[in-house]
Amino acid sequence: MDEAFDVGARLKQLRVSRKLSQRELAKRAGVTNSTISLVEQNNVSPSVSSLKKILDALPVSISAFFAGDEPSPPHSFYRHSELTEIGDGNLSWRLVAARRPDRRMSIIHERYPPGADSGEEMLEHDGEEGGVVISGQIELTVNGEVEVLGAGDAYYFDSRLPHRFRNPGDEECVIVSASTPPTFSDAGQEQHHA
């Protein structure tokens, strides 16, 4: 995650603003009390899937969590520095136009280090997603079917099917992906490769 972003302070601010104890948030999210405490103290860096579970319990979208609550005026071009990092410190997922009002799709520049994956649990959510592998390899499992994709290969599937991403190679994998509806903006509804 962006070193300048204080995950713990932001989580605590959102929890307190909703008048929730650490215990109540943990219960709603299905995690331990100590997990909430450790994240708020920045003693652990939660995986995207763990953070997603906690944020769904508030409910707050991942993009709102990282981008803040202020929408930005729409514009057409985004520099690398303007992309919002929503990864977990291991995986890097940089979201285009995170704070754009009424965004109807998510476009993400993804980086998977060797051996990294989207988590042990298969993901399932409403919508469709697709992407193109720019470099490296990604092993994609969709509804029990497994395929290793390399540079120039692509995927497109119904996101309601159970799916998972894993880099089986010894070099970083870079993907540019898109999903609709914008899975990183609708609180309680979003989950891309999270």
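1. Trp-93 is buried, its relative accessible area being 0%, and this residue is a convenient entry point into what is, it should be said at once, a predicted model. Trp-93 forms an aromatic pair with Tyr-112, and the geometry is edge-to-face, with 6.3 Å from centre to centre and 65 degrees between the planes. Since Trp-93 belongs to strand β2 (residues 92-95) and Tyr-112 to strand β3 (residues 106-112), the pair ties together parts that are 19 residues apart in sequence. Tyr-112, likewise, counts as buried because its relative accessibility is 0%, where the cut-off for that class is under 20%.

2. A second pair deserves to be read alongside this one. The ring centres of Tyr-155 and Phe-165 are 5.5 Å apart and their planes stand at 65 degrees, so this pair too is edge-to-face. It links distant parts of the chain, with Tyr-155 in strand β7 (residues 154-158) and Phe-165 in strand β8 (residues 163-166), ten residues apart. Both Tyr-155 and Phe-165 are buried.

3. On the aromatic residues taken together, a search of the whole structure finds four aromatic pairs. Trp-93, Tyr-112, Tyr-155, Phe-157 and Phe-165 form one aromatic cluster, so that the two pairs discussed above should be described as parts of this one cluster, because the pair of Tyr-155 and Phe-165 and the pair of Trp-93 and Tyr-112 both have their members in it.

4. As for the overall layout, the secondary structure of the protein chain comes to five helices and nine strands, and along the sequence these follow the pattern α-α-α-α-α-β-β-β-β-β-β-β-β-β. Of the 194 residues in the protein chain, 45% are buried, while the accessible surface comes to about 9,800 Å², with 47% of it belonging to carbon and sulfur atoms. Where contacts between residues at least 6 apart in sequence are considered, 66% of them join residues at least 24 apart.

5. Within the helical part, helix α3 (residues 33-40) has Ile-36, Ser-37, Val-39 and Glu-40 as its buried residues. Seen down the axis of α3, these buried residues fall within an arc of 165 degrees, and they therefore line one face of the helix. They pack against α1 (7-17), α2 (22-29) and α4 (48-56). Just after α3, Asn-42 takes a positive phi of about 60 degrees, a backbone value that a colleague may wish to note when reading this part of the chain.

6. The structure holds eight salt bridges, and one of them involves the helix just described, since the side chains of Glu-40 and Arg-15 meet in a salt bridge with an N to O distance of 2.6 Å. This pair links distant parts of the chain, Glu-40 being in helix α3 and Arg-15 in helix α1, 25 residues apart. Both Glu-40 and Arg-15 are buried.

7. Another salt bridge is found among the strands, where Arg-166 pairs with Glu-139, the closest N and O atoms being 3.0 Å apart. Here again the pair links distant parts of the chain, with Arg-166 in strand β8 and Glu-139 in strand β5 (residues 137-142), 27 residues apart. The two partners fall into separate accessibility classes, for Arg-166 counts as partly exposed at 26% relative accessibility, whereas Glu-139 counts as buried at 16%. A further salt bridge joins Arg-160 and Asp-158, with their closest N and O atoms 2.6 Å apart; Arg-160 counts as exposed at 53% relative accessibility, and Asp-158 is partly exposed at 25%.

8. Finally, on the surface, Met-105, Ile-107, Val-132, Ile-134 and Val-176 form a nonpolar patch, which together has about 380 Å² of accessible area. Ile-107 is found in strand β3 and is partly exposed, with a relative accessible area of 30%, while Val-176 lies in strand β9 (residues 173-180) and counts as partly exposed at 36%. Apart from neighbours within four places in sequence, Ile-107 is in contact with Arg-94, Leu-95, Val-96, Val-176, Ser-177 and Ala-178. The C-alpha atoms of Ile-107 and Ser-177 are separated by 5.6 Å, although the two residues are 70 residues apart along the chain.

Terms used
Residues numbered from 1 in each chain as written. Predicted model: local features only at pLDDT ≥ 70, side-chain atom pairs only at ≥ 80, totals over all residues. Heavy atoms only, no water. Buried < 20%, exposed > 50% of the residue type's maximum accessible area, 1.4 Å probe, protein only. Helix = DSSP H or I, 4+ residues; strand = E, 2+ residues; numbered from the N terminus. Arc of directions from axis to C-beta. Contact = heavy atoms within 4.5 Å. Patch = residues over 30% accessible without salt bridge, like charges linked within 9 Å, V, L, I, M, F, W, Y side chains within 5 Å. Areas by Shrake-Rupley, 256 points an atom, 1.4 Å probe, with all protein chains shown as cover. Salt bridge = Lys/Arg side-chain N within 4 Å of Asp/Glu carboxyl O. Phe/Tyr/Trp six-rings, centres within 6.5 Å; stacked < 30°, edge-to-face > 60°.
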